[in-house]
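Me: I am new to this structure and would like a close look at a single part of it. Please keep the answer plain and connected.

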Amino acid sequence: MLDKLKNHIAHHFPFLENKKLLLATSGGLDSIVMAHLFHQLDNEIALAHCNFQLRGLESFGDQKFVQDFADMYQIPVFITQFDTQAFAKDYKLSTQVAARDLRYNWFYELLDTENFDYILTAHHADDNIETFLINLSRGTGLEGLTGIPAHNGNIVRPLLLFSREEIANYANENIIEWREDSSNASDKYLRNKIRHDLVPILKELNPHFIESFQKTQSYLQESEAMVEDASIMVYQQVVRQEEDEMYFDLNQLKRLPNYKSYLYQWLNEFGFSAWDDVYDLVDSQSGKQILSPEFRLLKDRDFLILSPINFQIDQQEYFIEKGIKDVKIPLNLSFCKVDDISISSNTVIFVDQDKLEYPLVLRKWKEGDSFQPFGMEGKSKKLSKFFKDEKFSLLEKENVWILWSGNSIVWIVGHRQDERFRINNTTKNIIKIDLQ
């Protein structure tokens, strides 16, 4: 097994050579065998053990066992204890998710503070099968069938090519002791039920099931890579990005023979789960939207617009007193007195100071607001009509700020000045307002 591991590392993980490695070590069969194997290699290693305090004295027995193992082989060891149940309660997490978050947060902390290069975990081929079947039973896309990644950032899983049986045989042949986790015998967890009831049947039906499974998963991984390449190529034709927003051109999207698959590929990482609703959004009316925990997908005419959710819509009014030269919040505006004017633009306007009523006010637009567009003397226009004529998207309307003087609009900031405050032949004091 050691020679097989050496060859595997040479072919698939050459970057581990001469690196400082942190081995996640629970005290169970898999992690103890991994530690025993890597102790015989040339890498500088240390063990990291988490006591989650979930199994009473048994948890502290695991902690002592790992400490004794490290002492016997003269391997540095880091040990920490967590109040996992309290953490899960505080953050409203399941116990398993809480333990995983605590464990990996601590591992990454050790990477930084102790200058380790990689974290090694002892996941093996049977773990991969179980994960595949769990995802399959719950419904998943292609990425859920490709298994546990062998290399993911700073995390490396060098034992994925070995079965649980191979690992157990190695331990027995080398007279290696390990700790049994009593929770592994319980079938209240889906993974254990699959491990105890389903996988043995599959192995009985096909004695070479693990080898067949690994070959199939290799094909799936190749297919996933091909899908990713195609997705990137089509993405460039369909999607444009503007700051924090992504615009999906529906006319281009609908020309694709299987556009739902592309949408899933592009949007899956943003936390959406109601996929039928996402697909229906393509043909829905403007204004319809789907929310994930952190993002919004909005239908706006010929586009789907993806943007971060702004949970706190700013309804505050910001006052600008006379004499103020610079404003930083909510917009970066400058006010300065000038003797003459240049050409106005969307970001620079010139107004008659004597017509202004202070303090000026910056606020978001509201339904019913109206103004007199620059160049249209005596004619008022609803902001909603202006936005429609200018083809503002719903997101653009949400982000518009209005500069007010008393009950009159001075400027739809960044878009259109109001006629009532324009410069004329009788103007004595000119104020230049600049949107930075």
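How many bridges join S19 to strand S20, and in which sense do the two run?

Reply: This is a predicted model. S19 is joined to strand S20, residues 408-412, by four bridges, and the two strands run antiparallel. Together S19 and S20 make a hairpin, with two residues between them. In that turn, Gly406 has a positive phi of about 60°. One bridge of this pairing sets Leu403 against Trp411 in S20.

S19 also pairs with strand S16. Here residues 360-364 of S16 and residues 401-405 of S19 are held in the antiparallel sense over four bridges. Lys364 stands opposite Trp401 in S19, and Leu362 has Leu403 as its bridge partner. Leu403 thus appears in both pairings, with Leu362 as a partner in one and Trp411 in the other.

The wider setting is an open sheet of five strands, in the order S12-S16-S19-S20-S21, with antiparallel pairing. At the edges are strand S12 (318-320) and strand S21 (416-417), each of which pairs on one side only.

As for the side chains, those in a regular strand alternate between the two faces of the sheet. In S19, Trp401, Leu403 and Ser405 point one way, while Ile402 and Trp404 point the other way. The residues of both groups are buried. S19 is accordingly described as mostly covered, with five of its five residues buried.

Conventions. Residues numbered from 1 in each chain as written. Predicted model: local features only at pLDDT ≥ 70, side-chain atom pairs only at ≥ 80, totals over all residues. Heavy atoms only, no water. Pairing = 2+ DSSP bridges. Buried < 20%, exposed > 50% of the residue type's maximum accessible area, 1.4 Å probe, protein only.
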